[in-house]
Amino acid sequence: MTGVDDIDGLFSCPELRRANYASAVQLRTGDPAAALREASDALASQPAHSYGTAAQMHISQAAAHIALRSPDGAAEALRPVLATPADLRLAPVTQRMRELSAEMARSPMGDSTPAVALQAKIEAWCVDSAPRALALSRRDALA
């Protein structure tokens, strides 16, 4: 589909977001090399739409590396995500990180030293996140 429409804001789909969707489809249809190219090209050439979309793209890159059995590539792809401050670690991104960690654990390289180390980093990152902090602060307020 080409052309310009009047929809903007929350419903917009800039190139970076479109590339994120495309890489997700490529991963699900068994083409991790194409998914990695799509994500890498988009991150290199497109301005970030939002930090959440950029994080999703890095997670897609990491998922492609996992499918290609490259735990070091996955760790490198996740470096910017793992550097995200706790107050910006929102639920959709932490959920994708948890899914990625589970996917890595199920993969053929799941018990390798680099994969286990990355899974531990992801778990620690998810524990120290905005949704968890908000849930804990709400529980403390109710006590």
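Helices here are DSSP runs of H or I with at least four residues, numbered from the N terminus. With that in hand, let us walk through this predicted model, starting at the pocket those helices help to build.

Which helices each supply at least two residues of the lining of the largest pocket? They are helix H1 (15-28), H3 and helix H5 (91-106). The volume of this largest pocket is about 290 Å³. Its lining is made up of 13 residues, and those closest to the centre are Leu 27, Arg 28, Ala 63, Arg 96 and Glu 103. By character, the lining splits into seven nonpolar residues, four charged ones and two polar ones. If you would like a general picture of how such spaces come to light, rolling a probe the size of a water molecule over the atoms shows where empty space is left.

Now step back to the whole chain. The protein chain has seven helices and zero strands, so read from the N terminus its elements simply run α-α-α-α-α-α-α. Among its 143 residues, 38% count as buried.

How do these helices sit against one another? Two packed helices are described by the angle between their axes and the distance between the axes. Take H1 and H3 to begin with: their axes are 10 Å apart and the packing angle is about 25°. Angles under 35 degrees count as roughly parallel, which is why H1 is described as roughly parallel to H3. The crossing of this pair is left-handed.

A second pair to look at is H5 and helix H6, the latter covering residues 113-127. The axes of H5 and H6 come within 10 Å and cross at roughly 155°. Because an angle over 145 degrees counts as roughly antiparallel, H5 is roughly antiparallel to H6. H5 passes H6 in a crossing that is left-handed.

Let us finish with three individual residues, beginning in helix H3, where you will find Ala 54. Is Ala 54 buried or exposed? Its relative accessible area is 14%, and since buried means under 20%, Ala 54 is buried. Ala 54 also has a partner from farther along the chain: Val 81 is 27 residues away in sequence, and the two C-alpha atoms are separated by 8.5 Å.

Next, move to the loop between H6 and helix H7 (130-142), which holds Ser 129. The relative accessible area of Ser 129 is 3%, so by the cut-off of under 20% Ser 129 is buried as well. Across the fold, Ser 129 and Asp 87 lie 6.5 Å apart, C-alpha to C-alpha, with their positions 42 residues apart in sequence.

The last stop is the loop between helix H3 (51-67) and helix H4 (71-82), where Arg 69 is found. What does its backbone look like? Phi of Arg 69 is near 60°, a positive value in a residue other than glycine. Arg 69 has a relative accessible area of 58%, and because exposed means over 50%, this residue is exposed.

How values were computed: Residues are numbered from 1 along each chain as its sequence is written. This is a predicted model: local features need pLDDT of at least 70, side-chain atom pairs count only at pLDDT 80 or more; totals for chains, interfaces and linings use all residues. Side-chain values use heavy atoms; hydrogens and water are left out. Buried means under 20% relative accessible area, exposed over 50%, partly exposed in between (1.4 Å probe, protein chains only). On a 1 Å grid over the protein atoms alone, a cavity is a set of points where a 1.4 Å probe fits but cannot get out, and a pocket is an open set with protein on both sides within 12 Å along at least five of seven lines; lining residues have an atom within 4 Å of a point. Grid points are joined across faces, edges and corners, and a volume is the space filled by probe spheres set on the points. Ala, Val, Leu, Ile, Met, Phe, Trp, Tyr, Cys and Pro count as nonpolar, Asp, Glu, Lys and Arg as charged, and the others, Gly among them, as polar. Axes are lines fitted to C-alpha atoms, for helices over the stretch in contact, and angles run from 0 to 180 degrees between N-to-C directions. Angles under 35 degrees count as roughly parallel, over 145 as roughly antiparallel, 65 to 115 as roughly perpendicular and the rest as oblique. A crossing is left-handed if the near helix is turned anticlockwise from the far one by less than a right angle, and right-handed if clockwise.
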